[in-house]
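The following note is offered to a colleague beginning the study of protein structures. Please read each point with the model open beside the text.

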Amino acid sequence: MGLRNKMFIQHAVTIVMLLTAMFFIVNYTLNKSMIERDTQTLSQYFALHRIEALKIVSDQKINIEQLFSGTYAPFIASHLASNSNFQVQLFALDETIVGSSSDKENLLKRDDIKKALTGNTTTVITAGEGTQYLIYSVPFWYEGKIVGGFRYLLDLHENIQTLNQMRSWFIGAAMGCLFFSLLASYSFSSFLVRPLHALQQALKLASIGDFSRKIQSSSQDEVGELAKDFNHMSHALQQHIEMLHYEQGKQKAFYDNITHELKTPLTSIIGFSDLIAKMNRMEDIQDCNIYIRKESTRLLNMVEDLLQTSLKGDEAWRIKLERVDLADVITDSIRILEPTLQKSAISTTMKISPCAVYLDPQRTQQVLFNVIDNSIKHSECTHLHIELTEHEHYGLVRIVDNGRGITEESRHTLFLPSEEKQDRIISNESHGLGLPLCKQFMELQGGSIVISSLEGQGTEIQLQFPNNPLM
């Protein structure tokens, strides 16, 4: 059973109990009030009747004992009750009713007479002939002694009718109050538990990782405080999860890039190993061994970087700028890629001259490897031209192929991170990671990379390196 239903039932039981208590209190109070009113009225009648009785005694020249005898009492009782709505009886000292204005005396109790003869006024309510009677018995004092008594019997059927009407009206009014009270209670309960219901729905969403649901509550009570605390907790959890996703994204991108870069030295080592099997001259074999060793050392350094990065928890690339002759870096890179170029039947021409710039040799070589490797694998070119020129503030490397070129649509997404490429194609030869990584390396060194291409006419890539470390 829900909290709203429990509150509704509790309110309903409370209201019913209150109305029931009110019913009995009102019924008792009204009945008591009417009895007191009738008793007071009968008391006033007795005072008048006593005066009239004494006048009869005086006018008729009878003594007081004859007044309460069977000879005169019936006539006096009928006379006193002639203008009244109640029955009048006279009783003697032996508790005998000696006169009555009607014949109902046998239906009523006599204990009240006995008590009245002791000097006490007695009021009794008793039932008889399908109705109730109020019996008011009072002693008649004469010359300091009790000589008999008057007894009044008032039919209470009018009081009963009044009480029944009151009960009917009260029950009708109570049912109306109960209906509107329950309606108000249900509305109030719904209003009160609405934030709790929203909290329940928000917790269900939070359990599956959705913290977007916020609870709206304008109340200033405990429910409002609970809603505020939940919103704060949800906001904090959402921020922590977004931060975790961001860190996971950074970590994944870094390990994707480092894995991609590990392929280049491995490819070169395999290429030189294949060449050794085809060579006869010892000098050529020694040259291949030198490059195999250099690439192996570079591969070992990359693994060491990866290990240090894992231990330190830092996924950023580290750059060590130094003033280097860019021509040497280009020449060394082309020499390492030579087996792959020969295998792909791509001729090369170079126009380079010494050009001192500030760069990280290892990262620059990775850029050259990625750019030339892309031309070999994807451009379908047969010739590659590499040119290095020195300018006032920078050195410029132009790598031009005569391949099929790149569409304008593809050029706009070449440098986008892999997670932002919706149509990213992953194959054994392409992971979409090389050029974004080249752009990152060039920017970390203070340089830039620009690609221009025309479909069917080839592609030109420009790498710009600063010759001033402050640029």
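**Notes on the predicted model**

1. With a relative accessibility of 69%, E143 counts as exposed. The residue sits in the loop between β4 (131-142) and β5 (145-155). Its phi is near 50°, which is a positive value in a residue other than glycine. Please bear in mind throughout that this is a predicted model.

2. A second residue of this kind is E95, which has a positive phi of about 70° although it is not a glycine. E95 belongs to the loop between β1 (87-91) and β2 (97-100). Is E95 buried, partly exposed or exposed? Its relative accessible area is 33%, and E95 is therefore partly exposed, since that class lies between the limits of 20% and 50%.

3. The strands on either side of these two loops belong to an open sheet of five strands, in the order β2-β1-β5-β4-β3 and with antiparallel pairing. Its edge strands are β2 and β3 (122-128), each of which pairs on one side only. On average, neighbouring strands of this sheet are turned by 25° against each other, direction ignored. As general background, the strands of a sheet pair through backbone hydrogen bonds, in either the parallel or the antiparallel sense.

4. The pairing of β1 with β2 may be followed residue by residue. These two strands run antiparallel and are joined by three bridges. Which residue of β2 is the bridge partner of F91? The partner is I97.

5. Two helices lie across this sheet. Helix α1 (residues 3-60) lies across β1, β3, β4 and β5, and runs at about 40° to β4. Helix α3 lies across β1, β2 and β5, and runs at about 40° to β2.

6. Within helix α3 (residues 73-80), I76 merits attention. I76 has a relative accessible area of 5%, and it is therefore buried, the limit for that class being under 20%. Which residues does I76 contact, leaving aside its neighbours within four places in sequence? They are I56, L67 and L90. I76 and E52 are 24 residues apart in sequence, while their C-alpha atoms are 9.5 Å apart in space.

7. Another open sheet of five strands has the order β7-β9-β10-β12-β11, and its pairing is mixed. The edge strands here are β7 (347-351) and β11, each pairing on one side only. Neighbouring strands of this sheet are turned by 15° against each other on average, direction ignored. Helix α8 (residues 326-343) packs on the sheet and touches β7, β9, β10 and β12. The direction of α8 makes about 170° with that of β9.

8. Strand β10 has a partner on each of two sides, β9 and β12, in the strand order. Strand β9 (residues 383-390) pairs with β10 (residues 394-401) in the antiparallel sense over seven bridges. A hairpin of three residues joins β9 to β10. Opposite T389 stands L396 in β10, and opposite E387 stands R398 in β10. Strand β10 also pairs with β12 (residues 458-466), again in the antiparallel sense, over eight bridges. In that pairing, the bridge partner of I399 is I461 in β12. It is helpful to recall that the side chains of a regular strand alternate between the two faces of the sheet.

9. Helix α11 also packs on this sheet, touching β11 and β12, and its direction makes about 140° with that of β11. Which residues of α11 (residues 434-444) are buried? They are G434, L435, P436, L437, C438, F441 and M442. The buried residues of α11 pack against α6 (222-278), α9 (361-378), β11 (448-454) and β12. In general, an α-helix has 3.6 residues a turn, so residues three or four places apart point the same way. After α11 comes G446, whose phi is positive, near 85°.

10. For revision, three residues may be compared by accessibility. I76 is buried at 5%, E95 is partly exposed at 33%, and E143 is exposed at 69%. Their locations are helix α3 for I76, the loop between β1 and β2 for E95, and the loop between β4 and β5 for E143.

Conventions
Residues numbered from 1 in each chain as written. Predicted model: local features only at pLDDT ≥ 70, side-chain atom pairs only at ≥ 80, totals over all residues. Heavy atoms only, no water. Pairing = 2+ DSSP bridges. Helix = DSSP H or I, 4+ residues; strand = E, 2+ residues; numbered from the N terminus. Buried < 20%, exposed > 50% of the residue type's maximum accessible area, 1.4 Å probe, protein only. Contact = heavy atoms within 4.5 Å. Axes fitted to C-alpha atoms, helices over the stretch in contact; angles between N-to-C directions.
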